[in-house]
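Visitor: I have a model open and a few quick questions. Can we go through it together?
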Amino acid sequence: LSKTYPNGVRALVDLDLRVERGEIFGYLGPNGAGKSTTIRLLLDLICPTAGQAAIAGLDTRARDVEARRRVGYLPGDLRLSDRLSGREQLDSLGRLRGGVDHATRDALVERFDCVLDRPIRELSKGNRQKLGVVQAFMHRPEVLILDEPTGGLDPLNQGEFRKLIRETADDGRTVFLSSHSLDEVQHTAVRVGVIRAGRLVDVDSVESLRERSPRHVTIRFGEHVDPAAFEALLGVQVLESDHDVVRLAAPEPAMDGIVKAAARHRVVDLVSEPADLEEIFLALYRDDDGRD
Ligand code: ADP
């Protein structure tokens, strides 16, 4: 599947990808990589320059209406009717789409504690996003296409949302989860495709990608600590060191050594999180396309 925009930008080049029924697939790439272009092609909002796509076996162009009916979509740039209340928005979309199961919808509304009685323009980003989630799931679609879905959700709702994604997959339905952050997909996705500059550069298990990817570890000590002890560890890079704080970049297999080196001192706090995608790309794919 390929897409070149009229201005000549090759946003997607020869994508060859198959996502299985009941799978949670993470589609990972930095901004501008071609994720939204892929999704717009899947939803038949734009025409491919070459190639084809199918959803549940239905060609997205030749059988667009049937294919689209099977999809629940949460856009990255969610647009809702500001003048309507949440309830009116859900009702209006439900009528337009048909096939909404009211019990499913009401359960979702309750689960995410949605605000339905106020005009949407008065709602916070998180409360709008929750309406987007209900919209995407309320007709129990076979395929969920979710673009950066946890943006704006607070940690409690993020947890609930991840549960919903897992239940959906357990139910034999398929989730396509697009994001620029490994953190957003690593809790749910089993397999991940990595896209960069319009090309799929890797498809791997999220576990393997995580193991290979650098993490950022910030440790705050109760005393001054010499970073040399960390620098000496295999695969560990000291990003910053300031009296009682060290910031490291290291892949998962180095974590054990880091914790043991840290344990020789009094530890006040320790935070470990995935590096951002750009850095992961630099670490993992530097030589793959000769771009860097
Ligand atoms: P992502 O969703 O991964 O951030 P996009 O699919 O939005 O990436 O964009 C991929 C590339 O295509 C970018 O270089 C972007 O500037 C370009 N692009 C996106 N939409 C259009 C468009 N309508 N016309 C021209 N270029 C576009």
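Visitor: Which residue in β10 is the bridge partner of Val194?
Guide: In β10, that partner is Asp202. This is a predicted model, where local features need pLDDT of at least 70, side-chain atom pairs count only at pLDDT 80 or more, and totals for chains, interfaces and linings use all residues. Residues are numbered from 1 along each chain as its sequence is written, and side-chain values use heavy atoms, leaving out hydrogens and water.

Visitor: In what sense do β9 and β10 pair?
Guide: Antiparallel, over six bridges, with β9 covering residues 191–196 and β10 residues 199–205. Strands here are DSSP runs of E with at least two residues, numbered from the N terminus, and two of them pair if DSSP finds at least two bridges between them.

Visitor: And what sits between them?
Guide: Two residues, making a hairpin; Ala197 in the turn has a positive phi of about 45°.

Visitor: Switching to the ligand. Which residues come nearest?
Guide: Gly32, Gly34, Lys35, Ser36 and Thr37, out of 13 around the ligand. A residue counts as near if one of its heavy atoms lies within 4 Å.

Visitor: What about polar contacts to Lys35 and Thr37?
Guide: A polar side-chain atom of Lys35 is 2.9 Å from a ligand oxygen. For Thr37, an N or O atom in the side chain is 2.6 Å from an oxygen atom of the ligand. The cut-off for such a pair of N or O atoms is within 3.5 Å.

Visitor: Which helix gives the largest share of the shell?
Guide: Helix α1, residues 35–42, with four residues; a helix is a DSSP run of H or I with at least four residues.

Terms used
Polar contact = N/O pair within 3.5 Å; in protein donor to acceptor, adjacent residues only side chain to side chain.
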